[in-house]
Amino acid sequence: LWQLAGKRFRLADARISGLSLYAHKYDSTAANWNIFSSEKEDKQDDPSDLPWISVGSFLIDGTPTVYYTDRTDTLAARLSFDSFSLKGAAKLGFESGTFSLKGLSMSLDSLLLDYFTPSNDINASVDALTLQNPARDNYRLKLDAAALARLGELGTFDVPVHLDGSLYCDNKRGEMLLETENFGGEVAYIPLMINGLADFTHDGTKIDLNLNVDDCDLAGILDRYVRQFVPAVSDFLTDVRLDMDVKAKGMLGGSRIPAIEASMHIPSSNLAYLPMNLCTDCELELDASLSERKVLDAVIHSLKVNGDGLGLNLKGDVSNLLGQWKLNAGVDASAALGTVSRFLPDSLGIDASGNLQLNATASVTKNELKTLKFNDSSLDGVLSSDCIGFAMPGDTLAASAYSPQIRLGVSKGNIVASVDADSIYFERAGLSANVRA
């Protein structure tokens, strides 16, 4: 029963069981809930702050269900849950735009939502949702939920959500400060942890947040959510896992964005390209930053790929990636021609042997690459080998080069190359030639 004592309303105990609600929208002007509005509304003053409202025990059970239909959009929805319980005290301030809660404890059990349109269906479930207020302005939230979306030609997507953590919420100034500590879980199979604050002010939102993703199954994410849009993902088989840290600090609102720093790490992982039966081991270490002026920079500390006769070690950085970028890079690469040649079409009839080694550093800008005028670019590279050989058995042709070397550079805005070798040997149908440098 409701009790009024001084400036406090108290609901000692209440229970609603087996509730069913039906909401129907017929067109833009007619709906069955219009019975709650009068044709003539009296002019009222702005509402004042409500007194404290305390609830001793409030329970809704018996699988309450809400049905909604909309003839104009030919959609329908159904929402039901096993039970909902609430206790605690609340005070709402309409004039100040604030609210206060004391001793809040809320629990929602087994909620189901079905949403239907002619082309799409969405099924969402909340296994459990609890919100507790153990101390003033401090809250503990736990959520276990999932959504299954059938989006026509786009396919079906499963999005589970598991969250658990502590929140601090202060809105007594007419603005709101939200702070998290070790708040995380898993969203769409991505494990995450959030720490920091968001201060919602009249001038914008001040952000100081850290997001951590630890040991994420990136291969599973690609298979569940990307493969349907990019079928070529099915050509790859991998066990790649991802670690990532993101920091955001600054103002968000209008044209302003906070400064963002991100680091990404992919430990040694297997990557196979099935159509060519190519198996490699790869790893990546990457940092990126986006300034408040929207300047994006990236640094590749290490990109390594090794396997099936191929080797790659790349380092570099890119500045102003969203504008007139500049790239600095260094690369060490190797290829065992005898192994790599198996990827050539059989119709070419070419056999190769020997090892190639590339060592190069380069610097280039977006404009130079577009105009192919490399006046301010730099390139210093050497492609070399102890000995390489090529043969075409079907044409009885063979060639070998001893200590070949190709040196790459830039001169007068153009890329130049010089070729050198100790000796080159040719043979065909019993005839041979030997050329020495």
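Reader: How does Met 392 count by relative accessibility: buried or partly exposed?
Author: This is a predicted model, with local features needing pLDDT of at least 70 and side-chain atom pairs pLDDT 80 or more, while totals for chains, interfaces and linings use all residues. Residues are numbered from 1 along each chain as its sequence is written, and side-chain values use heavy atoms, leaving out hydrogens and water. Buried means under 20% relative accessible area, exposed over 50%, and partly exposed in between (1.4 Å probe, protein chains only). With 32% relative accessibility, Met 392 therefore counts as partly exposed.

Reader: And which strand holds Met 392?
Author: Strands here are DSSP runs (E, at least two residues; helices are H or I, at least four), numbered from the N terminus. Met 392 sits in the one covering residues 387–392, and that's strand β24.

Reader: What is the area of the nonpolar surface patch that Met 392 helps make?
Author: A patch takes residues with over 30% relative accessible area and no salt bridge, joining nonpolar side chains (Val, Leu, Ile, Met, Phe, Trp, Tyr) within 5 Å and like charges within 9 Å. Here Met 392 teams up with Leu 344, Ile 350, Phe 390 and Leu 397. Together they make a nonpolar patch of about 370 Å².

Reader: Zooming out, what share of the protein's residues is buried?
Author: The protein has 437 residues, and its secondary structure comes to three helices and 29 strands. The buried share of those residues is 27%.

Reader: How far apart in sequence are the Arg 78 and Asp 114 parts that their salt bridge ties together?
Author: A salt bridge puts a side-chain nitrogen of Lys or Arg within 4 Å of a carboxyl oxygen of Asp or Glu, and for Arg 78 and Asp 114 the closest N and O atoms are 2.6 Å apart. Arg 78 lies in strand β7 (residues 75–93) and Asp 114 in strand β8 (residues 98–116), so the parts tied together are apart in sequence by 36 residues.

Reader: Which of those partners counts as buried?
Author: Arg 78, at 34% relative accessibility, counts as partly exposed. The buried one, at 14%, is Asp 114.

Reader: Which residue is linked with Asp 215 and Arg 241 in a network of salt bridges?
Author: Arg 241 and Asp 215 form a salt bridge, with their closest N and O atoms 2.7 Å apart. That pair ties strand β16 to strand β14, because Arg 241 lies in the former and Asp 215 in the latter. Arg 241 is partly exposed at 31%, and so is Asp 215 at 41%. Linked with them in the network is Asp 217.

Notes:
Accessible areas come from the Shrake-Rupley method with a 1.4 Å probe; for residues, only the protein chains shown count as cover.
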